[in-house]
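The following report describes a small set of structural features in turn, beginning with general properties and ending with individual residues. The reader is invited to keep the structure in view while reading.

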Amino acid sequence: SMPNMNGFELLKRIRRHPVFKDIPVVMLTSERRPEDIENGKRLGCTYYMLKPFTGDEIHKAMVAARLE
């Protein structure tokens, strides 16, 4: 929940921008409905992480985003 747009809209805008279209995007969210998770993947998020999360989950996200 962000002002003016949600995370899915932000992800769409990132993926449309030529400079940012290939950067890793980790979505940190409490949106756990299967259709939200699928939407995030379909729109190109690198890793979809549900709140609350653990240190192991942060590590998995970093590996997926190639930040480790």
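## Contacts and overall form

Among the contacts in the protein between residues at least 6 apart in sequence, 25% join residues at least 24 apart. The model under discussion is a predicted one. One pair that is distant along the chain is Lys12 and Leu43, which are 31 residues apart in sequence, while their C-alpha atoms are 6.4 Å apart in space.

The secondary structure consists of three helices and two strands. Read from the N terminus, these elements follow the order α-β-α-β-α. The radius of gyration of the protein is 12 Å, close to the 11 Å that the globule rule gives for 68 residues, so the protein is as compact as a globular protein of that length. Taken along the principal axes, the box filled by the C-alpha atoms is roughly 30 × 25 × 20 Å.

Of the 68 residues, 22% count as buried. The protein exposes about 5,100 Å², and carbon and sulfur atoms supply 56% of this area.

## The two strands

Strand E1 comprises residues 26-29, and strand E2 comprises residues 47-50. The two strands run parallel and are joined by four bridges. Within this pairing, Met27 stands opposite Tyr48 in E2.

Which side chains of E1 are buried, and which are not? The side chains alternate along the strand: Met27 and Thr29 point to one face and are buried, whereas Val26 and Leu28 point to the other face and are not.

Leu28 deserves a further remark. Its relative accessible area is 46%, and it therefore counts as partly exposed. Together with Phe53, Ile58, Met62 and Leu67, Leu28 makes a nonpolar surface patch of about 430 Å².

## Salt bridges

Side chains of opposite charge can pair when their charged atoms come close. A search of the whole structure finds six salt bridges. The table presents some of them, with the distance from N to O.

| Residue pair | N to O distance |
|---|---|
| Glu9 and Arg13 | 3.2 Å |
| Glu9 and Arg16 | 4.0 Å |
| Arg33 and Asp36 | 2.9 Å |

Which residues are linked in a network of salt bridges? The network consists of Glu9, Lys12, Arg13 and Arg16. Helix H1 spans residues 7-16, and Lys12 is found in this helix. Because Glu9 and Arg13 are four residues apart in helix H1, they are separated by about one helical turn.

The members of the network can also be described by their accessibility. Glu9 has a relative accessible area of 23% and is partly exposed. Lys12, at 34%, is likewise partly exposed. Arg13 also counts as partly exposed, with a relative accessibility of 42%. Arg16, with a relative accessible area of 59%, is exposed.

The salt bridge between Arg33 and Asp36 offers a further case. Is Asp36 buried or exposed? Asp36 is buried, because its relative accessible area is 7% and buried means under 20%. Its partner Arg33 counts as partly exposed, at 46% relative accessibility.

## Backbone features

Most residues other than glycine have a negative phi, and most peptide bonds are trans. Two places in the backbone may be considered with this general statement in mind.

What is the phi of Asn4? Asn4 has a positive phi of about 80°, although it is not a glycine. This residue is found in the segment before helix H1. With a relative accessibility of 82%, Asn4 counts as exposed.

The other place concerns a peptide bond. Lys51 and Pro52 are joined by a cis peptide bond, with omega at about -10°. Pro52 has its place in the loop between E2 and helix H3, the latter covering residues 55-64.

## Summary

In this predicted model, three helices and two strands are arranged in the order α-β-α-β-α. The strands E1 and E2 run parallel, and Leu28 of E1 contributes to a nonpolar surface patch. In helix H1, Glu9 and Arg13 are separated by about one helical turn, and their side chains meet in a salt bridge. The backbone includes a positive phi at Asn4 and a cis peptide bond between Lys51 and Pro52.

Key. Residues numbered from 1 in each chain as written. Predicted model: local features only at pLDDT ≥ 70, side-chain atom pairs only at ≥ 80, totals over all residues. Heavy atoms only, no water. Patch = residues over 30% accessible without salt bridge, like charges linked within 9 Å, V, L, I, M, F, W, Y side chains within 5 Å. Areas by Shrake-Rupley, 256 points an atom, 1.4 Å probe, with all protein chains shown as cover. Buried < 20%, exposed > 50% of the residue type's maximum accessible area, 1.4 Å probe, protein only. Rg over C-alpha atoms; globule rule 2.2 N^0.38 Å. Contact = heavy atoms within 4.5 Å. Pairing = 2+ DSSP bridges.
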